[in-house]
Amino acid sequence: SGPERAHQRQIDFGFARFHAFDITRFEGADVSRQPLRDRRSLLARVVAKLRNPEIVCVASATADKVDFYRSVVQAGGEGVVLKNLDLMYGLGWVKAKHCADVSVVILAVHADRDAIELAAHNGTKLVSIGDCAIPTRDLKAHVRTHASSYVGRVLDVSAYAFSANERLRNPVWLRLRPDLLPTDCALSKIRAAGEGESADWR
């Protein structure tokens with residue numbers, strides 16, 4: 001695809017937005033060793049000067065940080081990065097991601113890419129909520145050979161939140177759950193967890 005097609009796709013589907021989170025050089029000078037609070041001020045000046053509505057500073061908060069974190073997760077974000085305002089670039093960063101173990105149904109096996117499709121019950125039927133890689137060589141070989149026996153089984157996965165389009169983010173295979181039925185894997189429960197309403201999410 002060329003620039004013309006890329007531009008047309010943005011007209012059709014919405015313009016891409018660039019979220020600037022930091023700045024390491026300003027007017028030719030290295031500012032990476034300056035404290036974050038000063039770099040954020042410089043970044044805001046640069047973004048304002050660009051006068052481009054599709055280039056914005058990443059939202060941040062210095063108070064009510066728990067509420068800010070919850071608002072990010074409820075909007076479909078994975079989490080936040082905690083930073084010390086007094087430190088230089090790259091120091092004192094801690095990721096806080098919304099992660100949980102949830103039970104899902106194996107909807108299909110994609111042996112060509114060693115993955116399975118995950119699903120949950122919406123009350124009347126199973127709906128797809130993401131893909132998960134099969135983790136080990138032995139398990140991959142077994143799933144390829146016995147694919148049909150895996151479809152419909154319940155699996156626990158660990159995932160980073162539940163995105164706004166109702167897809168699990170980066171699910172990781174944990175364990176099969178022979179003690180659960182597919183109907184136990186309710187989409188409403190996973191949706192509530194994705195909004196930070198369940199104690200199962202950590």
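Which residues have the most contacts inside the largest nonpolar core? I took this as my opening entry, bearing in mind that the model is predicted.

**Entry 1. The cores**

I found 21 residues in the largest nonpolar core. Those with the most contacts inside it are V104, I116, L118, L168 and W173. I then looked up which elements give two or more residues to this core: strand 7 (99-110), strand 8 (115-121), strand 9 (126-133), helix 4 (137-145), strand 10 (154-160) and helix 6 (187-194). Of these, strand 7 gives the most, with 5 residues. I also noted another core that lies apart from the largest one. This other core has 7 residues, including A20, I23, V31 and V47.

**Entry 2. The chain as a whole**

I counted the elements of the protein chain next, and they come to 6 helices and 11 strands. For overall dimensions, I recorded that the C-alpha atoms fill a box of roughly 60 × 45 × 35 Å along the principal axes. The radius of gyration is 22 Å, whereas a compact globule of 202 residues would have a value near 17 Å.

I then turned to burial and surface. Of the 202 residues, 30% count as buried. The accessible surface of the chain is about 12,500 Å², and carbon and sulfur atoms hold 52% of that area.

How much of the contact set with a separation of 6 or more comes from residues 24 or more positions apart? I noted a share of 54%.

On charge, I entered 29 positive and 24 negative side chains. The centres of the two sets lie 4 Å apart.

**Entry 3. Y89**

I looked up Y89 in the loop between strand 5 (79-82) and strand 6 (94-97). Its relative accessibility is 31%, and because partly exposed covers the range between under 20% and over 50%, Y89 counts as partly exposed.

Which residues does Y89 touch, leaving aside those up to four places away in sequence? I listed F21, D22, T24, S32, Q34 and R39. I also compared the position of Y89 with that of P178, 89 residues away along the chain. Their C-alpha atoms are separated by 48 Å.

**Entry 4. G123**

I located G123 in the loop between strand 8 and strand 9. Both of these strands are among the elements that give two or more residues to the largest core. Is G123 buried or exposed? I recorded G123 as exposed, because its relative accessibility is 70%. From G123 to A111 I noted 12 residues in sequence and 29 Å in space, C-alpha to C-alpha.

**Entry 5. Two residues with positive phi**

I checked E27, which has a positive phi of about 50° although it is not a glycine. E27 belongs to the loop between strand 2 (25-26) and strand 3 (29-30). With a relative accessible area of 70%, E27 is exposed.

Where is R51 found? I placed R51 in the loop between helix 2 (36-50) and strand 4 (55-57). R51 is a residue other than glycine, and its phi is positive, near 55°. The relative accessibility of R51 is 77%, so I entered this residue as exposed.

Note on methods: Residues are numbered from 1 along each chain as its sequence is written. This is a predicted model: local features need pLDDT of at least 70, side-chain atom pairs count only at pLDDT 80 or more; totals for chains, interfaces and linings use all residues. Side-chain values use heavy atoms; hydrogens and water are left out. Helices (H or I, at least four residues) and strands (E, at least two) are DSSP runs, numbered from the N terminus. The radius of gyration is taken over C-alpha atoms; the globule rule is 2.2 Å times the number of residues to the power 0.38. Buried means under 20% relative accessible area, exposed over 50%, partly exposed in between (1.4 Å probe, protein chains only). Contact means heavy atoms within 4.5 Å. Accessible areas come from the Shrake-Rupley method with a 1.4 Å probe; for residues, only the protein chains shown count as cover. Lys and Arg count as positive and Asp and Glu as negative; His and the chain ends are not counted. The place of a charge is taken as NZ of Lys, CZ of Arg, CG of Asp or CD of Glu. A nonpolar core is a set of buried Ala, Val, Leu, Ile, Met, Phe, Trp, Tyr and Cys residues joined through side-chain atoms within 4.5 Å.
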